[in-house]
Amino acid sequence: MTSPLRVLVHGGGIGGLTLATALARRGHHVDVAELRDGLEALGVGIIQPSNALHVMRGIGVLDACLDAGFEWEVLTICDPAGTTLARIPQPRMGDAPANIGIPRPALAEVLGAAATAAGARLRFGTTIAELADDADGVDITLTDGHSGRYDLVVGFDGIGSPLRRRLYGEKYAPEYTGFANWRVTLPRSPEVQGVVMSAGNLEAKALLTPISTELMYLGAVFAEPEDFRPDPERAHDQLAERLAGFGGPVAEALAQVTDPAAVVHSRISQVTVEEPWHIGRIALAGDAAHASTPHLAQGAAMAVEDALVLALSLDAADSVEAALTAWEERRRPRALWVQALSRAILKQETGTPTTPEEDELLKVGIPGAAHVLVKPY
Ligand SMILES: Cc1cc2nc3c(=O)[nH]c(=O)nc-3n(C[C@H](O)[C@H](O)[C@H](O)COP(=O)(O)OP(=O)(O)OC[C@H]3O[C@@H](n4cnc5c(N)ncnc54)[C@H](O)[C@@H]3O)c2cc1C
């Protein structure tokens, strides 16, 4: 499609800002409606693997990501005592780097600046108040009073997607996996030059991830009841109790965790929209359509791939409907493969029984998955 489209992106997170940038750079008129009051993101870090960095190059922000993050190439596997078992070089997609770790607020700043520079309008502290979709367009009124008619509305509004609820009610509400993730940002130890994954017979895994020259984060996953919340006074002690079996770099990092307020606890949930990801001119993308457990560090990567492929599909098609159909055909198998393998890895690492299909998937493993995912998206 060559004539400019009017697009509303609902949600200015990682995927939404990537889409806004990709579309605005092509001359489309893009509004982003973001519920939060600004670009602030949860103050922890995120891994951006090579396929995500390939997208970052595609929207012109790779250098800014590299400046703000920490590039790494080798995954180190240790036993729980901290003895190195393997050092696994990570593959690259084309000439994109293998991986970076980056603070989430820094990534949000990079993407927000890119979207604005490309001409997208970011509207903060707002959400959809009214929506009416007909065959030719979608009339939207936002809670800040802005209204407009759009050719396309994309719900990049996260795992709890209000737009998904509008399309499908509670049918695809997030499903709690039974596990929660604990993360703490710490000064980076000089020896943490890439992700250090400590795993073994403990039915738990701990990760150290460099996210800048100064910072790294310690992350771990444990089985928790859905209503569990860490004690605000002693979250650091609760984390230490759970990681008591670990030695080496994990224990050294843990010794630095003295502030309960520094511990970020998030439940791990999953969403799979089994029906079409688009109805009429309204589409769901990223976590709104296919939120995954974080075990391949690919959730945001799938969201940014969704974004760039949607822009490319609009380039190639002669109608919005044809673009959305082509986009979904291309994205669904890959995103759901990531989701299924991530879930299987979670089960394997936590000693949860797996199905025969999951056993088959697990033959690929984390190192093998990295090689699959640097193939074209
Ligand atoms: C513990 C954990 C660790 C992870 N680690 C990694 C990793 O290392 N690498 C990786 O690739 N992925 C990782 N992920 C996954 C990754 O964070 C998500 O997959 C990714 O953020 C999805 O992007 P998105 O744009 O779809 O949604 P989000 O980034 O969640 O953005 C959604 C946006 O929508 C906004 N919003 C919500 N409701 C409304 C509303 N009503 N109106 C307007 N806006 C709204 C939100 O404020 C938010 O800004 C991890 C996830 C978890 C839970």
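Here are three short exercises with worked solutions on a predicted model.

Residues are numbered from 1 along each chain as its sequence is written. In this predicted model, local features need pLDDT of at least 70, side-chain atom pairs count only at pLDDT 80 or more, and totals for chains, interfaces and linings use all residues.

**Exercise 1.** Work out which strands stand at the edges of the sheet 9-10-11.

*Solution.* Start with the terms: strands are DSSP runs (E, at least two residues) and helices likewise (H or I, at least four), numbered from the N terminus. Two strands pair if DSSP finds at least two bridges between them. Next, the order 9-10-11 belongs to an open sheet of three strands with antiparallel pairing. Strand 9 (128–134) and strand 11 (147–150) each have a single partner strand, so they stand at the edges with one side lacking a neighbour in the sheet.

**Exercise 2.** Find how strand 10 is joined to strand 11.

*Solution.* Strand 10 (residues 137–142) runs antiparallel to strand 11, and four bridges join them. Then look across to strand 11, where Ser147 stands opposite Thr141.

**Exercise 3.** Identify the helix that gives the largest share of the shell around the ligand, and decide how enclosed that helix is.

*Solution.* First, helix 9 supplies four residues of the shell, the largest share. Second, helix 9 (299–316) has company: helix 1 (14–25) and strand 2 (29–34) are among the elements that each supply at least two residues. Finally, 15 of the 18 residues of helix 9 are buried (20 or more other C-beta atoms, placed from the backbone, within 10 Å of their own), so helix 9 is largely enclosed by the rest of the structure.

Methods
Buried ≥ 20, exposed ≤ 12 C-beta atoms within 10 Å, placed from the backbone.
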